[in-house]
Amino acid sequence: RLEAISESYPLADNPARVLAGKGIKLGRKANQKAEQIYMAWDDFFKMNAFQTELTTLQKAQKAGYRPNASLKDLEVEAAEKVKSTFQNYDRVPKALRALRGLPTGNFVSFPAEVIRTSGNILREAAKEITSGNSVLRQRGLQRLAGFSLTNMAWGVAGTSGYNVLLGMTEEENKALQTLAEKSYGKNHNKV
């Protein structure tokens with residue numbers, strides 16, 4: 001009987017369908033706006049990082065690094081540093097992106113980019129520290145310190161957040177760590 005009623009009204013005049021259609025359009029617009037905001041935020045940080053890297057390279061050049069390099073050469077180098085040390089989901093290999101279609105594959109890009117950028121940050125820091133240029137050495141030490149502190153903070157925040165979410169005290173967490181301890185994981189956090 002409901003089918004007969006809905007068939008007697010044209011699709012455009014069906015209030016439920018009109019409302020559902022407007023809700024879908026509104027949801028799409030909200031999603032597009034959120035994506036635009038994310039991209040603008042991401043671009044803002046990458047532009048600032050580029051300017052920081054370029055300024056560092058220009059100071060390093062005054063201290064003897066690549067004395068014959070043009071501004072364009074330094075800009076290319078600065079851009080490469082940003083591309084290799086900041087996450088960019090377009091750089092995720094196609095094989096990993098294909099896993100997104102699997103039920104458990106939605107978030108494969110983030111860990112892949114964490115691994116890629118972590119290796120590149122450490123490689124870039126080592127290269128700068130051993131460059132023989134005092135400006136680049138300082139930048140490499142800053143890069144390494146930032147990377148190290150960020151990773152330590154994630155560990156502390158993860159443990160603390162885990163305890164808060166589960167309502168565990170520090171003593172209960174230690175008991176859980178002891179209970180879950182295996183020989184290969186001794187003295188490692190189990191969160």
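# Briefing on an all-helical predicted model

Trp41, Phe44, Phe45 and Met47 together make a nonpolar patch on the surface, whose combined accessible area is about 480 Å². The structure is a predicted model, and the protein has 7 helices and 0 strands, so that, by the DSSP runs used to assign elements, the order from the N terminus reads α-α-α-α-α-α-α. Buried residues account for 23% of the 191 residues in the protein, and the points below take up the surface, the nonpolar core, individual helices and the salt bridges in turn.

**Surface and overall contacts**

- The protein exposes about 14300 Å², and 62% of this is supplied by carbon and sulfur atoms.
- Within the nonpolar patch formed by Trp41, Phe44, Phe45 and Met47, Phe45 has its place in helix 2, which covers residues 15-62.
- Phe45 has a relative accessible area of 39% and is therefore classed as partly exposed, a value that also passes the threshold of over 30% that patch residues must meet.
- When contacts in the protein between residues at least 6 apart in sequence are considered, 48% of them join residues that are at least 24 apart.

**The nonpolar core**

- The largest nonpolar core contains 8 residues, namely Leu54, Leu57, Ala60, Tyr65, Ala69, Leu74, Ala78 and Leu136.
- At least two residues of this core are supplied by each of helix 2 and helix 3 (71-85), and the largest share, 3 residues, comes from helix 2.
- Leu136, a member of this core, is in contact with Thr56, Leu57, Ala60, Tyr65, Lys81, Glu128, Ile129 and Ser131 once its neighbours within four places in sequence are left aside.

**Helices 3, 5 and 6**

- Helix 3 has 15 residues, which should span 21 Å at 1.5 Å a residue, and the separation of its end C-alpha atoms, 21 Å, agrees with that expectation.
- The buried residues in helix 3 are Leu74, Glu77, Ala78, Lys81, Val82, Ser84 and Thr85, and of these both Leu74 and Ala78 also belong to the largest nonpolar core.
- Helix 5, which runs over residues 109-129, has 21 residues and reaches 30 Å from its first C-alpha to its last, close to the 30 Å expected at 1.5 Å a residue.
- In helix 5 the buried residues are Ser109, Ala112, Glu113, Arg116, Thr117, Ser118, Asn120, Ile121, Glu124, Ala125 and Glu128.
- Tyr162 is placed in helix 6, residues 134-166, and because its relative accessibility is 28%, Tyr162 counts as partly exposed.
- Although Tyr162 and Asn173 are 11 residues apart along the chain, 9.3 Å separates their C-alpha atoms.

**Salt bridges**

- Side chains of opposite charge can pair when their charged atoms come close.
- The count of salt bridges in the model comes to 9, where the criterion is a side-chain nitrogen of Lys or Arg within 4 Å of a carboxyl oxygen of Asp or Glu.
- Arg139 forms one with Glu53, with the closest N and O atoms 2.9 Å apart; since Arg139 lies in helix 6 and Glu53 in helix 2, the pair ties together parts that are 86 residues apart in sequence.
- Both partners fall under the 20% limit for a buried residue, because Arg139 has a relative accessibility of 14% and Glu53 a relative accessible area of 4%.
- Glu113 and Arg116 meet through their side chains in a salt bridge with an N to O distance of 2.8 Å, and because they are 3 residues apart in helix 5, about one helical turn separates them.
- Glu113 counts as buried at 1% relative accessibility, and Arg116 likewise counts as buried at 18%.
- Glu128 forms a salt bridge with Arg143, in which the closest N and O atoms are 2.9 Å apart; this pair links distant parts of the chain, with Glu128 in helix 5 and Arg143 in helix 6, 15 residues apart.
- Glu128 and Arg143 are both buried, and salt bridges that share partners join Glu53, Lys81, Glu124, Glu128, Arg139 and Arg143 into one network.
- Two members of that network, Lys81 and Glu128, are also among the residues in contact with Leu136.

Technical notes. Residues numbered from 1 in each chain as written. Predicted model: local features only at pLDDT ≥ 70, side-chain atom pairs only at ≥ 80, totals over all residues. Heavy atoms only, no water. Patch = residues over 30% accessible without salt bridge, like charges linked within 9 Å, V, L, I, M, F, W, Y side chains within 5 Å. Areas by Shrake-Rupley, 256 points an atom, 1.4 Å probe, with all protein chains shown as cover. Helix = DSSP H or I, 4+ residues; strand = E, 2+ residues; numbered from the N terminus. Buried < 20%, exposed > 50% of the residue type's maximum accessible area, 1.4 Å probe, protein only. Expected span 1.5 Å × (residues − 1). Core = buried A, V, L, I, M, F, W, Y, C linked by side-chain atoms within 4.5 Å. Contact = heavy atoms within 4.5 Å.
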